Each structure stands twice: as structure tokens, then as C-alpha cells.
Amino acid sequence: MSALKLQNISKIYSPRSRRLSELLSGRPRRSGFQALDDVSFTVEHGEFFGLLGPNGAGKTTLISILAGLARATRGTAQVCGYDVVSQFREARQSLGVVPQEIVYDPFFTVRETLRLQSGYFGLRRNDDWIDEVLTNLGLIDKADTNMRALSGGMKRRVLVAQALVHRPPVIILDEPTAGVDVDLRRTLWEFISRLNKDGHTILLTTHYLEEAEALCGRIAMLKQGRLIALDTTEALLAQVGGHDLEDAFVRFMQGEVLESAA
Ligand SMILES: Nc1ncnc2c1ncn2[C@@H]1O[C@H](COP(=O)(O)OP(=O)(O)OP(=O)(O)O)[C@@H](O)[C@H]1O
């Protein structure tokens, strides 16, 4: 049983509701926007897997489908063998998601935020683990600070902590280091790498390709909603003769190489 399994996933965002003039003119319905087109791949337990693609390629849409926040138009997705639609609770329990957007409740302290998140997963006495996560993310001194008094980078650390409160076996990070300082990046990657060594499966999206090259064992590339490459980092580099992942990424996106995805 794989950690993540996507089979023939397509996502079409429906068009906004038709304007009156369109209804009266009898023009055919607009067809909507296809964000994902027949995407299939699996991520095995213990992998550190990179999902790359330019802006708008469909990465966040794919993550939203895995997290049960968006419904695929076609295809199926599983987390640790649980279907994300019919077994939503089990699938969600198996997953920790660090979202791209910083969203927080300004009325709570860091610790209260994490206790609340624990409560969503039915965990009442979770303070020992919360302390461990806070320490590992360099946040323990801020445990009783109100969320609104944190810097942007600190808030992002809390997002990571929130994703980990229920000790999920699979962790998805959607551009976790966008706009954060070198210090947080190092702290974060040390911690995430340790979690991966301890057996957690990691799926990472990032636009920092040197980060992906250093961390990820396998990489998938999306372009306009389609999977155009999927292999180990070394094999992708070998395939295009690129000297680094950034070079390889550009060549794949420009279609200079044969599409390699299964
Ligand atoms: N709710 C929505 N309604 C309509 N279109 C959407 C919606 N969400 C995303 N899209 C569109 O789907 C496409 C894929 O968006 P998505 O956010 O998945 O891309 P991404 O690869 O995560 O991009 P980025 O690197 O900029 O975060 C984009 O063209 C986007 O405009």
C-alpha cells in the first residue's frame, strides 16, 4: 500500500455562473478551466518526493484534492490506502498539510492554536508532543505569544507545527520556504529531513530547485496540469544532460526532451 496514490486525476474548475445576457442569448455553457489532466503517480512510504511546476501548473490543486479540500472531476486519490472522498476522515488523519497561504486566528497564542488543532483530530492531552514540535521548530520561546504578534516567518513555523500535531505518517509541504529567512529554511529542512529519516513520507512543492535537488529522491514535474516527467532526481538530470535540476527543469518545461512520465 502506497503512501499516496493518484489515478487518472483530472480537475476542471467550473466556470462562474452565467450572466443573464448569456442565458438570454442561449450561448452554450462555458466549459470551465482544466487545472489537472489525467495525472497518475504513486509515492511510496518513506520517500522524500518533489512536485515541481511553474505558477499555475496545478500543484496546489493536486494537494487540495489529497487533503479533501477540492474534489477531483475524474479519477481517484488515496492516502495510506484510504480514499480521500469515501474514507475522508482516515485519509485526512494520515496527512499533515503545510499550506502555502498563512492563515491564523489572531485571538490565540501559539500553544492555544496547536491545542485547538489537536482537538480537531480528537487529541486532548497532546502537550508533550506540542512542546517537542515547538522546540524543534525554534518556537518554544513563543509558545505563549499571541499569533498576531509573530513575524511572518514565525507564523510559517506555526503552520508547520499545526500540520504535525497529530503525528501524520505523510506530510505535504506547499512552498513552505517562500519568503522566509535562511535561518528558518535551515531549521525547517533539518527538522523535515529528520522526520523523513524517522519514516515519514514527505511531498514537497517548491520553486527553489536547489532545495528540491538536495532533498528529494524522486521528482514529478507538472506543466499546465499534465505530468510531463517523473523519475529519480539523478535520472532526470541524466535524461537531459543538465548540470543541475534548474537546468533540467527549464529543458523539460520548454519541451526539449521527450516526455518521460509514465
Ligand atoms: N478555485 C479555482 N477556480 C478556478 N480556477 C482555479 C481555482 N484554483 C486554481 N485555479 C486555476 O487552476 C490553475 C492551477 O492552479 P494551482 O494553484 O493549482 O497552481 P500551482 O501549480 O499551485 O501554482 P503556484 O506555483 O502559483 O502556487 C491555475 O490556472 C489557477 O488559476
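Colleague: In which sense do strand E1 and E2 pair, and over how many bridges?

Modeller: The model is a predicted one. In it, strand E1 covers residues 4-13, and Ile 9 has Val 39 in E2 as its bridge partner. The pairing of E1 with E2 is antiparallel, and the number of bridges is seven.

Colleague: Which strands stand at the edges of the open sheet of four strands, and why is one side of each left without a neighbour?

Modeller: The order in this open sheet is E2-E1-E4-E5, with antiparallel pairing. Each edge strand has a single partner strand, so one side of it has no neighbour in the sheet. The strands at the edges are E2 (33-43) and E5 (82-83).

Colleague: Which element gives the most to the shell around the ligand?

Modeller: Residues around the ligand include Tyr 13, Phe 33, Ala 35, Lys 59, Thr 60 and Thr 61. By class, the shell has four nonpolar, six polar and one charged residues. At least two residues each come from E2 and from helix H2 (59-66). The element that gives the most, with three residues, is H2.

Colleague: What is the order of the strands in the open sheet of six?

Modeller: The pairing in this sheet is mixed. Its edge strands, each pairing on one side only, are E6 (95-98) and E10 (226-232). Neighbouring strands are turned by 15° against each other on average, direction ignored. The full order is E6-E7-E8-E3-E9-E10.

Colleague: Which residue in E7 does Leu 95 stand opposite?

Modeller: E6 pairs with strand E7 (residues 170-174) in the parallel sense, over four bridges. Within E7, the residue opposite Leu 95 is Val 170.

Colleague: Which helix packs on the sheet, touching E3, E9 and E10?

Modeller: The strands touched are E3 (48-52), E9 (218-223) and E10. The direction of the helix makes about 35° with that of E9. The helix covers residues 245-253 and is H10.

Colleague: Which helix supplies the largest share of the largest nonpolar core?

Modeller: This core has 66 residues, and those with the most contacts inside it are Leu 66, Ala 161 and Ile 172. The largest share is six residues, and they come from the helix at residues 152-164, H6.

Colleague: Which residues does Ala 161 touch, not counting those up to four places away in sequence?

Modeller: Ala 161 is among the residues with the most contacts inside the largest nonpolar core. Leaving out residues up to four places away in sequence, Ala 161 touches Leu 114, Val 133, Leu 134, Leu 137 and Leu 139.

Definitions and conventions: Residues numbered from 1 in each chain as written. Predicted model: local features only at pLDDT ≥ 70, side-chain atom pairs only at ≥ 80, totals over all residues. Pairing = 2+ DSSP bridges. Axes fitted to C-alpha atoms, helices over the stretch in contact; angles between N-to-C directions. Contact = placed C-beta atoms within 7 Å. Core = buried A, V, L, I, M, F, W, Y, C linked by C-beta atoms within 7 Å. Buried ≥ 20, exposed ≤ 12 C-beta atoms within 10 Å, placed from the backbone. Near = placed C-beta within 6 Å. Nonpolar A, V, L, I, M, F, W, Y, C, P; charged D, E, K, R; others polar.
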